[in-house]
Amino acid sequence: MTQVSVRSTSTLKGLRCRECGEAYPAEARHVCEFCFGPLEAVYDYDAIRALTTRESIAAGPHSIWRYRNFLPVTGEQVIDVGTGMTPLIRSHRLARQLGLKALYIKNDAVNAPSLSFKDRVVSVALTRARELGFTTVSCASTGNLANSTAAIAAQAGLECYIFIPSDLEAGKVLGTLVYGPQVMAVEGNYDQVNRLCSEVADRHGWGFVNINLRPYYSEGSKTLGFEVAEQLGWQLPDHVVAPIASGSLFTKIHKGFQELIKVGLVEDKPVRMSGAQATGCSPVSQAFREGRDFISPVKPSTIAKSIAIGNPADGVYAIDLARKTNGNIEDVSDAEIIEGIKLLAQTEGIFTETAGGTTIAVLKKLCEQGKIRPDETTVVYITGNGLKTQEAISPYVGEPLHIDASLESFERALERSRTLERLEWQQTSV
Ligand SMILES: *Cc1c(COP(=O)(O)O)cnc(C)c1O
């Protein structure tokens, strides 16, 4: 592996084991040799404070790279494909339905280039991969990561191998193949794909964004915290609801908030962190509910495939964070997930995938249970786009009315649909 020289303005100091604290250089490695704990990027926060103001951030690119000083890269050249700075939308109609006074939707369903939050983590991981001298990159994916890795690798001119479970949604498979990587559809679930990829990484020396590059990859999710704080006028919300697959995104949003506090860019205040899982793959919410601090792995069975990780790497950290911040972790059924997708679409005009349906359904559940107070400023993270998981929702959205190209045919259809609507209304109101 080629070593890169560290720029003097680089704020990245190296890697450190989250469990035992052992220090490592900023190489492509992700587990501690002594205790097998996960490695995490370490920064020089004095340098970040000296280099960074609200104004310098605002003057930066309109992408995640405006927060470069907080990201684990060292070189001059970053891969900027316009990732990040997605809309933070003040909700009115959904907020009213849920009884919340200040609800905001962070909409990564329209992230660039591949329409999910994964573009954040991949932009960072591939930038670091290039700095470390990799020419071939890869990933084990539940779908969105495949789309993102393939897209950004194509833009950066990196060779790309993608590993996915063989039962993914058609939109996610096509949305990977189009960029021209080699795609391996593995007979098995995500956890089996991930295990296989660890072996491939060892043997072939490729840069796997979520395995040997994971300490860099995971830091990309902090930008979900940075952007929300900046978009709220440099303030932190009271409560966050976000999905949990491996638990990385969930914990890194909070890390982003903590770093802004540490360098003085926002005022210190507690943020309650609540996580969302699908009941068909809910090892983290089960452990949370039962008061355990270990995860019992499960075999996933849910339409929310993008968050179906049965043995989540950061699950224990997610539980710890929810407890520590007085948040919650809940799960919802596939039927509730479909209702969640439709609720967001029909109140806010945002079409999210199953992961977003999960998050909205959990938001609703927490409101109904009184676990989110009406006066809390709440941010819900929508992490993926509904056009990618059409088969999950297509039986539940109705059909267009087929008519001839005549006014008469239209009027007849209109009359029929109004009668039907009246009947349905009468049925539901008895
Ligand atoms: C991957 C993914 C997540 C969660 O990611 P983790 O960091 O592994 O918890 C959430 N939503 C969508 C749409 C995803 O693709």
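**Exercise 1. Find the bridge partner of leucine 15 in S3, and place the two strands in their sheet.**

Step 1. The bridge partner of leucine 15 in S3 is alanine 41; strands here are DSSP runs (E) of at least two residues, helices are runs (H or I) of at least four residues, and both are numbered from the N terminus. The model is a predicted one, in which local features need pLDDT of at least 70 and side-chain atom pairs count only at pLDDT 80 or more, while totals for chains, interfaces and linings use all residues. Residues are numbered from 1 along each chain as its sequence is written, and side-chain values use heavy atoms, with hydrogens and water left out.

Step 2. Strand S1 (residues 12-17) pairs with S3 in the antiparallel sense over five bridges, where pairing requires that DSSP finds at least two bridges between two strands.

Step 3. The open sheet has three strands in the order S2-S1-S3, with antiparallel pairing. Because strand S2 (23-24) and strand S3 (39-43) stand at the edges with a single partner strand each, one side of each is left without a neighbour in the sheet.

**Exercise 2. Describe how the ligand is held between the domains, starting from the residues that come nearest.**

Step 1. There are 16 residues around the ligand, and Lys118, Asn144, Ser246, Leu249 and Thr383 come nearest; a residue is counted as near if one of its heavy atoms lies within 4 Å.

Step 2. Polar contacts are pairs of N or O atoms within 3.5 Å; within protein, one atom must be able to donate a hydrogen and the other to accept it, and residues adjacent in sequence count only if both atoms are side-chain atoms. An N or O atom in the side chain of lysine 118 lies 2.8 Å from an oxygen atom of the ligand, a polar backbone atom of leucine 249 is 2.9 Å from a ligand oxygen atom, and a polar side-chain atom of threonine 383 is 2.7 Å from a nitrogen atom of the ligand. The ligand taken alone exposes 390 Å², of which the protein buries 97%; the areas come from the Shrake-Rupley method with a 1.4 Å probe, and for residues only the protein chains shown count as cover.

Step 3. The shell draws at least three residues from each of domain 1 (3-81 + 117-217) and domain 2 (88-114 + 220-394), with bounds that come from an automatic or database domain assignment.

**Exercise 3. Decide whether lysine 106 is buried or exposed, and identify a polar partner of its side chain.**

Step 1. Lysine 106 has its place in strand S5 (residues 102-107).

Step 2. With 0% relative accessibility, lysine 106 counts as buried; buried means under 20% relative accessible area, exposed over 50%, and partly exposed in between (1.4 Å probe, protein chains only).

Step 3. A polar atom of the lysine 106 side chain lies 2.8 Å from the backbone oxygen of threonine 86.

**Exercise 4. Locate the residues with positive phi, tryptophan 234 and asparagine 326, and state the exposure of each.**

Step 1. Tryptophan 234, with phi near 60°, is placed in the loop between helix H9 (222-231) and strand S10 (239-243), and at 12% relative accessibility tryptophan 234 counts as buried.

Step 2. Asparagine 326 has a positive phi of about 65° and is found in the loop between H12 and S12; at 51% relative accessibility, asparagine 326 counts as exposed.
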